[in-house]
Amino acid sequence: MEKNKPNQNKKNKKQYLLWTILILLTITATIVLALVINKNNQESEEKNVPYTQLLSDIEEDKIEKIEMTVGSTSIKIKYKDIEEEKTAIIPSTQAFIELIHKKIDEEGKSIELNEKSESVLANLSDKIFSIIPTLMMVALFVLILKMQGLGDKGKIYDGKENKTDIKFDDVAGLKEEKQELIEIVDFLKNPESFQKMGAKIPKGVLLCGKPGTGKTLIAKAIAGEANVPFISMSGSEFIEMFAGLGASRVRSLFSKAKKMAPCIVFIDEIDAIGARRTNASGAESENNQTLNQLLVEMDGFESNETVIVLAATNRPEMLDKALLRPGRFDRRITIAPPDLRGREEILKIHSKEKKFADNLSLKSIAEDTAGFTGAELANTLNEAAIIATINKHNVIEKQDLEEAVKKVTVGLQKTSRVVSEKDKKLTAYHEAGHAIVSKFLATSMEVKEISIIPRGVAGGYTMYKTNEDKFFASKTELEEKLISLLGGRAAEKIALDDISTGASNDIEVATKIAKDMVTIYGMSDKIGPISLNNEQQQPYEMQMFGQNIEDLIGEEVKRLIDIAYEKAQKILKSNMQILHAVAQTLIEKEVISTEEFDKFFE
Ligand code: ADP
Ligand code: ZN
């Protein structure tokens, strides 16, 4: 997502330039138009003779000469007693000519009638002058079309497209996912044989997973393996600035894809356009238009068109159901953060050009980085190399790597930030609280390090050993997680008899967990195993559980939090001596290791 930024900026600049030109053009056109009107007005005041006046002047024989141009209702009149030539507009040339002839022949009027074939030169300047506004309007129109990507080539808003040389081998782990996707590669390489067999290939595949899990990478690898173009666009690029733009961008993206078929179209962050449709107006309805266009395009493919659309999202539950119907994104592949072996493999790929100390194995790094995504692992290795260089090491050493892991986990170490004594004390008790409470919880991970050195926005941190890959959590585990999260706040309250804003993140996380326990995991006895996720459900679906269900959810969430907070305080109250000792040591040393921490409990 980050990587798209420069390109988008360029596009925005182009857009601004176009708009500036457009506005300038409009202003010029208006001025010219005003001038023309003004000129005509002046003419009509001074030179133009009204038709009825002209007729009576003819009757009174005041006219010497009339000049007409074939096909024009504008005539020139020379009066007998006026030097200046006048003009007049006549309703019909043929009728007027007949009238004049009648006047001359039958009434003996002496009018000289000149019928000229169209004189281009004479009228040219006038013509050009009157044509300019029209031309400008046309130019304006073309510009608008172009800006909307409707112009012939739609160059401006086509997705970024390129051939990639990324192969499946560059994607570590994800064995089953690759196996599922290899079918698409085969299809792109050899569509005819699939069609002959009447085999149905998915048009759209939804890749679900956290940012950095390799969704873009694997999509590129499909294109690389099949050796077809990779056209990509981010959902957020579709919803920009001007109404109607999103839909036309979708249109031009797909028209380009069809021309380049066989190819891969990759839509990152599809939730930005594919979120559930609403009846709203404004930005929302703009969104709906874009989504509708996407649906139209997906349906518009012929089965023999070899365009495969891959879309990535971290929030599949947000997507409009229509997107997931057969013939659209009817296949879903979930890409989870890598497990221990996956992490080791990813580390292997990203450590190819890096040198490590002998006592450092990729396996041990993998063990220390549970929960990291592929992007975070790649980032960690890169950070480690930078830190090793700064530390003037010849190879990446254990210490460099540990620093890098911390840096990626909790943000940049900010040793330079001056911390007041009061803040230090508060943080020390807060972190000591987390650590001590965890010690008394059966399911809690072992404390790896406690620190009151600020990192990123956090004033301090308690790091746990997380070398176990887990996919499920039990109710007890979650309840204890709440207790350890609230241990920080509890310690502040008990030891300092005051509470701080430093616990806000803990409280946020705890509340989210408690809410998920009640509404998603069915862990509340009062409510039972019912899904009440109101982000996912329509209001009426919630209503089927009665008017008071929302109150009940709130009550249950609050109960879980209250119990956890009580427990945390109870644990700390019966270990006040340890709390003071740990906090005091933290204030002195700033960092406490596992071994040092364990000593407090001997
Ligand atoms: P997403 O699209 O899911 O946000 P990306 O595909 O952009 O994630 O991944 C970002 C980077 O992380 C990749 O360019 C790659 O360097 C690294 N990465 C992620 N997953 C893997 C993997 N399975 N194997 C190797 N590298 C990976
Ligand atoms: Zn905390």
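Is D57 buried or exposed? I would like to open with that residue, and then move through the charged pairs, the metal site, a strand and its partners, and the aromatic side chains. Please keep in mind throughout that this is a predicted model.

D57 is buried, with a relative accessible area of 3%. The side chain of D57 meets that of K62 in a salt bridge, at 3.8 Å from N to O. K62, in contrast to its buried partner, is partly exposed, at a relative accessible area of 34%. The pair does not stand alone: D57, E60 and K62 are linked in a network of salt bridges. As general background, side chains of opposite charge can pair when their charged atoms come close.

How many salt bridges does the structure hold? The count is 18. I will discuss two further examples.

The first joins R331 and E183, whose side chains meet at 3.6 Å, N to O. R331 belongs to strand β11, residues 331-334, and E183 to helix α5, residues 175-189, so this salt bridge ties together parts that are 148 residues apart in sequence. Neither residue is fully covered: R331 counts as partly exposed at 23% relative accessibility, and E183 is partly exposed at 27%.

The second is between R315 and D271, where the closest N and O atoms are 3.0 Å apart. Here R315 sits in the loop between β10 and β11, while D271 lies in helix α10, residues 271-274; the pair therefore ties together parts that are 44 residues apart in sequence. With regard to accessibility, R315 is partly exposed at 38%, whereas D271 is buried at 11%.

Let me turn to the metal site. Which residues coordinate the zinc ion, ligand 2? They are H430 and H434, each through NE2, and D506 through OD, at 2.0 to 2.1 Å. Along the chain, these donors follow the spacing H-x3-H-x71-D. H434 is in helix α16, residues 421-439, and D506 is in helix α18, residues 504-519, so that distant parts of the chain, 72 residues apart, are linked by this pair. Are H434 and D506 buried or exposed? H434 counts as buried, because its relative accessibility is 7%. D506 is buried too, with a relative accessible area of 12%. For those of you following on the display, the cut-off for calling a residue buried is a relative accessible area under 20%.

Next, I would draw your attention to strand β12, residues 447-451. Four of its five residues are buried, so the strand is largely enclosed by the rest of the structure. What does β12 pair with? One partner is strand β13, residues 461-464, which pairs with β12 in the antiparallel sense over four bridges. Within that pairing, E449 has M463 of β13 as its bridge partner. Another partner is strand β14, residues 591-593, joined to β12 by three bridges and also running antiparallel. In this case the bridge partner of S451 is V591.

The aromatic side chains come next. A search of the whole structure finds four aromatic pairs. One of them is F440 with F601: the ring centres are 6.0 Å apart and the planes meet at 65°, which means that the pair is edge-to-face. F440 lies in the loop between α16 and β12, and F601 in the segment after α22, so the pair ties together parts that are 161 residues apart in sequence. F440 is partly exposed, at 40% relative accessible area, and F601 is likewise partly exposed, at 24%. F601 also pairs with F597, again edge-to-face, at 5.1 Å centre to centre and 75° between the planes. F597, unlike those two, is buried, with a relative accessible area of 1%. Taken together, F440, F597 and F601 form one aromatic cluster.

Finally, a word about the surface. Which residues form a nonpolar patch there? They are I23, L24, I27 and I31, and their accessible area together is about 390 Å². I31 is found in helix α1, which spans residues 5-46.

To close, I return to the residue with which I began: D57 is buried, and D57 is linked with E60 and K62 in a network of salt bridges. Thank you for your attention.

How values were computed: Residues are numbered from 1 along each chain as its sequence is written. Chains are lettered from A and ligands numbered from 1 in the order in which they are written. This is a predicted model: local features need pLDDT of at least 70, side-chain atom pairs count only at pLDDT 80 or more; totals for chains, interfaces and linings use all residues. Side-chain values use heavy atoms; hydrogens and water are left out. Patches are made of residues with over 30% relative accessible area and no salt bridge: like charges are joined within 9 Å, nonpolar side chains (Val, Leu, Ile, Met, Phe, Trp, Tyr) within 5 Å. Accessible areas come from the Shrake-Rupley method with a 1.4 Å probe; for residues, only the protein chains shown count as cover. A salt bridge is a side-chain nitrogen of Lys or Arg within 4 Å of a carboxyl oxygen of Asp or Glu. Helices (H or I, at least four residues) and strands (E, at least two) are DSSP runs, numbered from the N terminus. Donors are N, O and S atoms within 2.8 Å of the metal (3.2 Å for Na, K and Ca); water is not among the atoms, so sites may look incomplete. Buried means under 20% relative accessible area, exposed over 50%, partly exposed in between (1.4 Å probe, protein chains only). Two strands pair if DSSP finds at least two bridges between them. Rings of Phe, Tyr and Trp (its six-membered ring) pair if their centres lie within 6.5 Å; planes under 30 degrees apart count as stacked, over 60 as edge-to-face and the rest as tilted.
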